[in-house]
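Here are my notes on this one, as promised. Have the viewer open while you go through them.

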Amino acid sequence: MITAQAVVYSQHGEPKDVLKTQTYEIDDENLASNQIVVKTLGAPVNPSDINQIQGVYPSKPEKTTELGTSEPSAPCGNEGLFEVIKVGSGVSDFKVGDWAIPANVNFGTWRTHALASEEQFIQVPNPEQSKTRGKPNGLTINQGATISVNPLTAYLMLTHYVKLIPGKDWFIQNGGNSAVGKYAIQISKLLGFNSLSVIRDRPNLDELVSELKALGADQVITEEQNASKEFGATIKSWVKETGGEIKLALNCIGGKNSTGIARKLANNGLMLTYGGMSFQPVILPTSLHIFKNITSSGFWVTQLLKNNEDLKKSTLNQIVDWYEDGKLRDAKSIETKFEAGGEKQLHELYIEGVTNSSKGKQLITF
Ligand code: NDP
């Protein structure tokens, strides 16, 4: 028997008010033939995890009494990296020691262990396997635990909707220093697209610009520069130099920050909205629709990949390859280790993680 713990909620609300640690047993001596037991290596706190607990996110895990809770409860967390520690007799895709990530969202990754069927997981190489294949690097726990949302989002937004011509075309994004934004900068460089990233002004602006340029950013400007008519000429000259167009805008902020990037699109350009960090609606001037035929559309990685396992696997393989070859750098997380029987219960650690999310992505390791 394995004694496992999971962070669960039975009512929606603020995480500090509704999260609990549930302890439950996994009978690892009597597995069904297709079952595997995994132990968690790391699971992050994403903005969508918080919204899910608050009850304001459209996709939600089902509330059940499966983990032995007195009331129907749902496990928290959507992303995570796991190590296989036991396999049933008929399991063909996994062996003990393999690394795995959940195949779908709503798995409930804020837990120490899980019992699942093999179809519920996708294998990713552990460092030993990468080495055997002659790769210079293996995945780190942070890379594996945060692989299925942000890098996939950046890659798919850059490749799935608009055909950008390498060496010529540009994309523009706000929230250029967000985790997704940093992946978009790096992936666009790997694919040969030009990037124009808009960030908020700050006292250490030069430092942040240098950091983004070190990741491969072509141009980084402030919201004020992006809003300035005079500065528009500079942007036009950059685009003219490459002989391409700004065909794609990626919006994770909304409000006037979305207007700012939409205005820079060429005729027939597309703005994909994937986040709303300012909580303001997307604002698009009528003229952009009529005279420039701009399209504004939404992007949701969960929905796009829900019924498209092949796209998910091929995108994941590409990201894994880049990590193994040292071509892609992960967005760093602030890591906190959970000690079973330690001072803090698992849900207390995650509540702290939620609170500290404004200081950077939080990853609980096990
Ligand atoms: P991060 O926490 O890494 O970055 C947040 C970004 O938002 C920073 O650039 C920050 O800028 C900026 N920001 C925060 N508040 C404001 C504000 N009021 N006005 C302007 N800028 C602001 O986030 P992630 O990269 O993890 O996620 C970004 C967004 O994308 C989230 O909304 C997330 O839910 C969404 N997302 C959506 C996906 C989808 O499929 N639709 C998939 C993945 C993420 P600063 O440094 O200046 O504070």
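**Notes on the model**

1. Let's start at Phe 366. Neighbours within four places in sequence aside, Phe 366 is in contact with Thr 40, Leu 41, Gly 42, Ala 43, Arg 111, Thr 112, Lys 337, Phe 338, Leu 346 and Tyr 350. You'll find Phe 366 in the segment that comes after β16 (362-365). If you want a distance to check in your viewer, try Gln 129: its C-alpha is 21 Å in space from that of Phe 366, with the two positions 237 residues apart in sequence. Do keep in mind throughout that this is a predicted model.

2. Now the domains. The assignment for the chain gives domain 1 as 2-146 + 333-365, so to speak in two pieces, and domain 2 as 150-302. Measured by eye you may guess otherwise, but the computed gap between the C-alpha centres of domain 1 and domain 2 is 33 Å.

3. What do the two domains share by way of contact? On the domain 1 side 6 residues take part, and they are in contact with 5 residues of domain 2. About 430 Å² is buried between domain 1 and domain 2, and carbon and sulfur atoms give 58% of that area. Have a look at Tyr 57, Val 105 and Thr 146 here: they supply 54% of what domain 1 buries against domain 2, more than any other three residues.

4. On to the ligand. There are 21 residues around it, and those coming nearest are Asn 177, Arg 200, Arg 202, Phe 299 and Val 301. Sorted by class, the shell around the ligand holds 10 nonpolar, 8 polar and 3 charged residues. As for helices, α5 (150-159) and α6 (179-191) each supply at least two residues of that shell.

5. Which atoms of the ligand do Asn 177 and Arg 202 approach with their side chains? In both cases an oxygen atom: a polar side-chain atom of Asn 177 lies 2.6 Å from one, and for a polar side-chain atom of Arg 202 the distance to an oxygen atom of the ligand is 2.8 Å. Tyr 274 uses its backbone instead, with an N or O atom 2.9 Å from a nitrogen atom of the ligand. Taken on its own, the ligand has 930 Å² of accessible area, and the protein covers 77% of it.

Methods
Residues are numbered from 1 along each chain as its sequence is written. This is a predicted model: local features need pLDDT of at least 70, side-chain atom pairs count only at pLDDT 80 or more; totals for chains, interfaces and linings use all residues. Side-chain values use heavy atoms; hydrogens and water are left out. A residue is near a molecule or strand if one of its heavy atoms lies within 4 Å of it. A polar contact is a pair of N or O atoms within 3.5 Å; within protein, one must be able to donate a hydrogen and the other to accept it, and residues adjacent in sequence count only if both atoms are side-chain atoms. Accessible areas come from the Shrake-Rupley method with a 1.4 Å probe; for residues, only the protein chains shown count as cover. Helices (H or I, at least four residues) and strands (E, at least two) are DSSP runs, numbered from the N terminus. Ala, Val, Leu, Ile, Met, Phe, Trp, Tyr, Cys and Pro count as nonpolar, Asp, Glu, Lys and Arg as charged, and the others, Gly among them, as polar. Domain bounds come from an automatic or database domain assignment. Contact means heavy atoms within 4.5 Å. Buried area is the accessible area (1.4 Å probe) that two parts lose on being put together, summed over both.
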